[in-house]
Amino acid sequence: MADEETTAEEVEEESSAAEGSPKSGKTKIIMIVVGVLLALAAAGGISYYVVQHFLHSANNPVDPARNHDPGIFVKLGKGDEGLMVNVGGIKGGRFLKIGLVLEMNPGKQDNIKDGKVQPIAETKILDTVLHILRSEKLESFDASRQAELKEKIISELNKTLGVASVYTVYITSFILQ
């Protein structure tokens, strides 16, 4: 009879263990699924942050005036003459002789190669600068507005040549007649 009771207890334990196994198996599966979902959520969040960070950096390049490689200096015009342009429109009858030097990004291979300006880029630069100088009113050439003129030249050249192609503009001579 003791053997029968032991057998009955063993059968009871085995049946409860058999019932416990599916519960503990389901619990393990649920814990694994939850762990995988948490890992996927973390990976997705990290990926989103990294992509947003790099997209923001690509759309908003670092200010070239603050942080850039040393530039290549390019003088516009022939020799010491610089550029000579009629300003003030048709009725203006005024001439501007201006010496301009551009500090350009050496990393822009479309514009600069082996330390020299590419012919296509040179044509675009001259066209853009001459257009700006010809279209400006006489008041724009006042010494107090020189910074605005430089910014306009930089902005237009960077639109024409590509973002951060021109770091800065130096005016080396200026004669308005």
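**Ile-125, the core and the sheet**

Ile-125 touches six residues named here, once those up to four places away in sequence are set aside: Leu-76, Leu-102, Met-104, Val-117, Leu-157 and Leu-161. The model is a predicted one, and what follows starts from this residue and moves outward through the core, the strands, the aromatic pairs and two individual residues.

The chain contains three helices and six strands. Their order along the sequence is α-β-β-β-β-β-α-α-β. Of the 177 residues, 23% are buried. The chain exposes about 12600 Å², and carbon and sulfur atoms account for 58% of that area. Sequence separation is the other general point: if one takes the contacts between residues at least 6 apart in sequence, 68% of them join residues at least 24 apart.

The largest nonpolar core has 26 residues, and Ile-125 is one of those that touch the most other members, together with Leu-83, Leu-100, Met-104, Val-129, Leu-133 and Ile-153. Several elements feed this core with at least two residues each: strand 2 (83-87), strand 3 (94-104), helix 2 (119-135), helix 3 and strand 6 (166-176). Helix 2 gives the most, namely six residues. Met-104 appears both in this group of core residues and in the list of residues that Ile-125 touches.

Strand 3 deserves a closer look. Eight of its 11 residues are buried, so the strand is largely enclosed by the rest of the structure. It pairs with strand 1 (residues 72-75) through four bridges, and the two run antiparallel. Within that pairing, Ile-72 has Met-104 as its bridge partner in strand 3. Strand 3 is also antiparallel to strand 2, to which five bridges join it; here Val-85 stands opposite Leu-96. A further antiparallel pairing, with nine bridges, joins strand 3 to strand 6. In that case Leu-96 stands opposite Leu-176. Leu-96 can thus be followed in two directions, to Val-85 and to Leu-176. In a regular strand, side chains alternate between the two faces of the sheet.

Strand 6 can be followed further through Ile-175, which lies in it. Where does Ile-175 make its contacts? Not counting residues up to four places away in sequence, Ile-175 touches Phe-95, Leu-96 and Lys-97. Its relative accessible area is 47%, so Ile-175 is partly exposed, since that class lies between 20% and 50%. The C-alpha atom of Ile-175 is separated by 9.3 Å from that of Met-84, a residue 91 places away along the chain.

Aromatic rings add further links to strand 6. A pair of aromatic rings is described by the distance of the centres and the angle of the planes. There are two aromatic pairs in the model. In the pair of Phe-73 and Tyr-170, the ring centres are 6.0 Å apart and the planes meet at 35°, so the pair is tilted. Phe-73 belongs to strand 1 and Tyr-170 to strand 6, so the pair ties together parts that are 97 residues apart in sequence. Tyr-170 has a relative accessibility of 35% and therefore counts as partly exposed.

The pair of Phe-141 and Phe-174 is tilted as well, with 6.3 Å from centre to centre and 45° between the planes. It links distant parts of the chain, because Phe-141 is in the loop between helix 2 and helix 3 while Phe-174 is in strand 6, 33 residues apart. Are these two residues buried or partly exposed? Phe-141 is buried, at a relative accessible area of 6%, whereas Phe-174 is partly exposed, at 35%.

The last residue to examine is Asn-158, which lies in helix 3 (residues 146-161). Its relative accessibility is 15%, below the 20% limit, so this residue counts as buried. Which residues does Asn-158 contact, leaving aside its neighbours within four places in sequence? They are Val-163, Ala-164, Ser-165 and Val-166. One of these contacts can be specified further: a polar atom of the Asn-158 side chain lies 2.7 Å from the backbone nitrogen of Val-166. Strand 6 spans 166-176, so Val-166 is a residue of that strand, and the polar atom of Asn-158 lies 2.7 Å from the backbone nitrogen there.

Methods: Residues are numbered from 1 along each chain as its sequence is written. This is a predicted model: local features need pLDDT of at least 70, side-chain atom pairs count only at pLDDT 80 or more; totals for chains, interfaces and linings use all residues. Side-chain values use heavy atoms; hydrogens and water are left out. Buried means under 20% relative accessible area, exposed over 50%, partly exposed in between (1.4 Å probe, protein chains only). A polar contact is a pair of N or O atoms within 3.5 Å; within protein, one must be able to donate a hydrogen and the other to accept it, and residues adjacent in sequence count only if both atoms are side-chain atoms. Contact means heavy atoms within 4.5 Å. A nonpolar core is a set of buried Ala, Val, Leu, Ile, Met, Phe, Trp, Tyr and Cys residues joined through side-chain atoms within 4.5 Å. Two strands pair if DSSP finds at least two bridges between them. Rings of Phe, Tyr and Trp (its six-membered ring) pair if their centres lie within 6.5 Å; planes under 30 degrees apart count as stacked, over 60 as edge-to-face and the rest as tilted. Accessible areas come from the Shrake-Rupley method with a 1.4 Å probe; for residues, only the protein chains shown count as cover.
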